[in-house]
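Please open the model in your viewer and keep the sequence panel visible. The stops below are arranged so that each selection can be made in turn.

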Amino acid sequence: MTTTAPALRRIHEIDAVRGFALGGILVANISFFADPGLSVAISSMDFNRDPVSLTVQTLVLTKFYVIFSFMFGYSFTMQMRSWGEKVKPRMLRRCLGLFVLGVTQGILLWIGDILTLYAALGLILLALRNVRPRTAVKIGCWIIGVMSAIWLILAGLTLLDPSAGVTTPADPAVMAAAQAQVTGSPLSFLQFQLETYPMLAAFIWFGQGPMAMALFLFGMAAGKSRLLEDRERWARFVPRVLWIGYGLGLPAAVFFTWSSHHEGALQLVGLALNNILSLPLAAAYVVTLLLLVRRLPAIGAALAPAGRAAASNYIGQSILQCLVFTGYGLGLGGRLTPIAVIGVAAAIYTVLLLLSAWWMRNHRYGPIERGLRGFTQYSADPQPLR
């Protein structure tokens, strides 16, 4: 006898956290749209050193994908509860849909897309869906520990042979050619995407994959424990999370930024520390947001609609950034100052928050979510769109 799980109510705070994470993802990604040369220089860690870029690298870079990945694992547990016995076939179709969506975006819009990675790791999460929360946390900690140990071992080897840690500086001519391609015309931008996407996708899969898997597991453990759904459960951890997150995570983030501009062992040690301490800093961000939402509900009300349509907002960010910076639109890549780029990010984020609020007043799902839901359930949603 097949049972149907009861419909789940939406958790306002969870949607607000997703909407908040989308803002950080936008600020982290927009640098690559605004300066197309970064896409071909990423392996050399050749980031800008102006105050705005240093602030973004310290407070945003690698921090918000932590939140986004954690929330993917948390949302997976809510889908498990909703789908019941159908979780396996539906999750398989959902991962396939995410993969196709990611490849499409990677070729047409944003070469740094992470949806294909999430789709692949989602299959692993599906296989591990029955592990206990404590076991999931242990596996995640082992993954992070091993990755950090690898960076530290490489740092030690670099001390023995300093030349091993020297990276080749990005060729200015190559970076200039990338900018010309991206900002030239729709066809030249598409050519750049096709040439660059496979390399950067591999970089993301191997560079972020293990950490993302660990965060999926942490999110699944928290979701099974209903951590964010019971305010009293997480409220008692607030002082500890804030002290550790800001007290240890923030200095580690500063060291990560400083060390990334030094070749050799220092850079690798910075990566190892960032692997570990970006997690409590991201947790401190989330706790701070939840406290603000409790005191100022308007903040949550502004963020939650975007969080309900996270995939649509993620794709929407790419579309708007392309229209501003690439040959699809204004072609402003490489022409704006860092502070102006942050202004563009704020404008895009505001526009999408307003569009999300308008859309979700009359629809249950965002446009991308609607299509993905229909494919996941192998038919059109029997419930009305409006």
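Begin by selecting Gly247, which is found in helix α11 (residues 238-260); helices here are DSSP runs of H or I with at least four residues, numbered from the N terminus. At 40% relative accessibility, Gly247 counts as partly exposed, a class lying between buried (under 20% relative accessible area) and exposed (over 50%), with a 1.4 Å probe and protein chains only. Add Ala284 to the selection: Gly247 and Ala284 are 37 residues apart in sequence, and their C-alpha atoms are 9.9 Å apart in space.

A note on the model is needed before continuing. This is a predicted model, in which local features need pLDDT of at least 70 and side-chain atom pairs count only at pLDDT 80 or more, while totals for chains, interfaces and linings use all residues. Residues are numbered from 1 along each chain as its sequence is written, and side-chain values use heavy atoms, with hydrogens and water left out.

Next, select Met91 in helix α5 (residues 87-108). Is Met91 buried or exposed? Met91 has 1% relative accessibility and therefore counts as buried. Leaving aside neighbours within four places in sequence, its contacts (heavy atoms within 4.5 Å) are Phe72, Phe76, Gln79, Trp83, Gly122 and Leu126. Now display Thr376, which is 285 residues from Met91 along the chain, with 7.1 Å between their C-alpha atoms.

Turn then to the largest nonpolar core, which has 96 residues. Such a core is a set of buried Ala, Val, Leu, Ile, Met, Phe, Trp, Tyr and Cys residues joined through side-chain atoms within 4.5 Å. Helix α9 (residues 186-224) gives the most to this core, with 17 residues. Ile67 and Tyr314 have the most contacts inside the core. Select Tyr314 and look for the residues that it touches beyond four places in sequence, among them Leu22, Trp110 and Asp113.

For a pair of helices, select α3 (residues 51-59) and α15 (residues 338-360), which pack at an angle of about 50° with their axes 8 Å apart. Axes are lines fitted to C-alpha atoms over the stretch in contact, and angles run from 0 to 180 degrees between N-to-C directions. Val52, Ser53 and Val56 in α3 meet Pro338, Ile339 and Ile342 in α15.

Finally, select Arg18 and Asp15, which form a salt bridge with their closest N and O atoms 2.8 Å apart; the term requires a side-chain nitrogen of Lys or Arg within 4 Å of a carboxyl oxygen of Asp or Glu. Both Arg18 and Asp15 are buried.

Note on methods: Helices (H or I, at least four residues) and strands (E, at least two) are DSSP runs, numbered from the N terminus.
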